[in-house]
Amino acid sequence: MTDDKAYDVVVLGAGPVGENVADRARAGGLSAAIVESELVGGECSYWACMPSKALLRPVIARADARRVPGLRQAVQGPLDAQAVLAHRDDYTSHWKDDGQVDWVTSIGADLYRGQGRLAGPRTVTVTAEDGTVTTLTARHAVAVCTGTRAALPDLPGIGEAKPWTSREATSAASVPGRLIVVGGGVVAAEMATAWQALGAQVTMLVRGDGLLPRMEPFAGELVADALREAGAEVRTGVSVTAVERTGATVTATLDDGSALEADEILFATGRAPRTEDIGLETVGLVPGDWLEVDDSLRVVGSDWLYAVGDANHRALLTHQGKYQARIAGAAITARAAGVPLLETDRWGAHSATADHDAVPQVVFTDPEAASAGLTLAEAEAAGHRVRAVDQDLAGVAGAGLYADGYTGRARMIVDLDREVLLGVTFVGPGVGELIHSATIAVAGEVPIDRLWHAVPSYPTVSEVWLRLLEAYRG
Ligand SMILES: Cc1cc2nc3c(=O)[nH]c(=O)nc-3n(C[C@H](O)[C@H](O)[C@H](O)COP(=O)(O)OP(=O)(O)OC[C@H]3O[C@@H](n4cnc5c(N)ncnc54)[C@H](O)[C@@H]3O)c2cc1C
């Protein structure tokens, strides 16, 4: 049976990004359909941001409390792992999407459940679980917001070994005795932090020479030091060559010929776009590719197809994808009304310039690592004439109050030609809440001379800004 319907905008994927594209289109007076094959709310709500942060919050709060004299003694015991897992379950609404479905209804968008696929220009088919096919036609735009899945390396035995991906690492119902974490990026570092604190014996196997390779090198060093102090083993310069499961035991063979046993093995080895089965070939694109877009999030070479959020590979972060959704929604609405876009206006509502100028990210490890904009290596590679200014956070009065023996570091990257900041990185307890100040400084291109007049309150960790500016002026 088939059924045909027409909308102004059809959105493929109801993750945080697809939801926001639909919302912005509706706010602009357009009709919108949204297609979802799993749970409305997407990876972020059920197997990524929300459950991972629910697991990590008690870990970080306990670590912070243990650094406060007078409080330390009260929090010496282990975490109540079952209570943490139960809180995580509540936080993910027990993997039910009723609340988010209500929200989609409240914005006046129509939800279609099933696998969505392009079937030529401006056309999407939705195949429901019972085999029913609905054809949706888009008068103005189709937005691909299908996100990513975990990318597993092609290793002998990996399929039979039933490894954890980010999905199992965020939804597991019990704590494994021994957990191998393969990878050194954000997901690997966060999940190693969470499961080690919840009682697993974690071994990290990192192919490169350190953790968090996309941040300033000191971020990975401080996080690795802390993981080791917490009892995890962090091995660098090592690769897994094969995996095998025998009963409850999984064995990883390493490139030095040795083997390592555990109860579970998590592969946190990158992400792949969910574009392999969405009909890209029907519109002249290659299935399985990331979708290349311009700053209005429109796919290069198309006048109706948009790719927003993870699927375009610009910045695999929920907040950045939702920012893109606001931009895409505004661009689609303007184009539908025949209003010319100010594509050259860097500060305009139709251009996602922050994707390349000022992406903020917080890694919820202990210590937290947070950055906005470029690292020193990225700024130099982009051809800027820069100076890196470093500051030990231990010397900051507010940091000493925040935590006894506060350990942390900050770096700001100054564009010497324009005397503005290109990037800032903070590592230390509590810095996740500090990073927005850096995002404003970088995105707003606030001149260093003006930053002198942005006075941080005493005694807060934010006083690191004064120390950084003093160090720059000399
Ligand atoms: C473990 C982990 C922790 C993370 N933590 C954070 C964090 O703390 N902060 C942060 O900013 N980012 C975090 N991220 C990244 C964040 O999850 C993603 O950037 C975000 O989910 C991207 O949103 P999206 O809407 O583009 O895609 P998704 O959230 O992946 O949603 C895509 C949706 O599309 C649906 N879909 C796919 N194909 C089809 C189809 N053919 N038809 C219909 N529906 C389809 C999917 O079922 C899914 O619901 C984390 C990621 C991981 C893996």
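Q: What span is expected for helix H7 (residues 186-197), and how does its reach from first C-alpha to last compare with that value?
A: Helix H7, a DSSP run of H or I with at least four residues, numbered, as the strands are (E, at least two), from the N terminus, has 12 residues and reaches 17 Å, close to the 16 Å expected at 1.5 Å a residue. The expected span is 1.5 Å times one less than the number of residues. This is a predicted model, in which local features need pLDDT of at least 70 and side-chain atom pairs count only at pLDDT 80 or more, while totals for chains, interfaces and linings use all residues. Residues are numbered from 1 along each chain as its sequence is written, and side-chain values use heavy atoms, with hydrogens and water left out.

Q: What makes H7 largely enclosed by the rest of the structure?
A: A residue is called buried under 20% relative accessible area, exposed over 50% and partly exposed in between, with a 1.4 Å probe and protein chains only. By that rule 10 of the 12 residues of H7 are buried, so the helix is largely enclosed; among them are Met191, Trp195 and Gln196. Just after H7, Gly199 takes a positive phi of about 120°.

Q: Why is Val17 called buried, and which residues does Val17 touch?
A: The relative accessible area of Val17 is 10%, and because buried means under 20%, the label applies. Val17 lies in helix H1 (residues 16-27) and, with contact meaning heavy atoms within 4.5 Å, touches Cys145, Val308, Gly309, Gly321, Lys322 and Ala325, not counting residues up to four places away in sequence.

Q: Is Pro78 buried or exposed, and why?
A: At 75% relative accessibility, Pro78 is exposed, because the cut-off for that word is over 50%. Its place is in the loop between helix H3 (49-65) and helix H4 (81-91).

Q: Which strands stand at the edges of the open sheet with the order S17-S18-S21-S20-S19, and why?
A: This sheet of five strands has antiparallel pairing. Strands S17 (360-363) and S19 (386-392) each have a single partner strand, so one side of each is left without a neighbour in the sheet. Neighbouring strands here are turned by 10° against each other on average, direction ignored.

Q: How do you know that S17 and S18 pair?
A: Two strands pair if DSSP finds at least two bridges between them, and S17 and S18 have four, in the antiparallel sense. One position shows the register: Val362 has Ala370 in S18 as its bridge partner. The two strands form a hairpin with four residues between them. By the same criterion, strand S20 (residues 409-415) and strand S21 (residues 420-428) pair over seven antiparallel bridges, with Ile413 opposite Gly423.

Q: What is the strand order of the parallel sheet, and how does H7 run relative to S9?
A: The order of this open sheet of four strands is S10-S9-S8-S14, with S10 (233-236) and S14 (264-267) at the edges, each pairing on one side only. H7 lies across S8, S9 and S14 at about 165° to S9, where axes are lines fitted to C-alpha atoms, for helices over the stretch in contact, and angles run from 0 to 180 degrees between N-to-C directions.

Q: What makes the charged end of Arg167 count as sitting over the ring of Trp47?
A: The rule asks that NZ of Lys or CZ of Arg be within 6 Å of the ring centre and within 35 degrees of the ring normal. The charged end of Arg167 is 3.7 Å from the centre of the Trp47 ring and sits over that ring.
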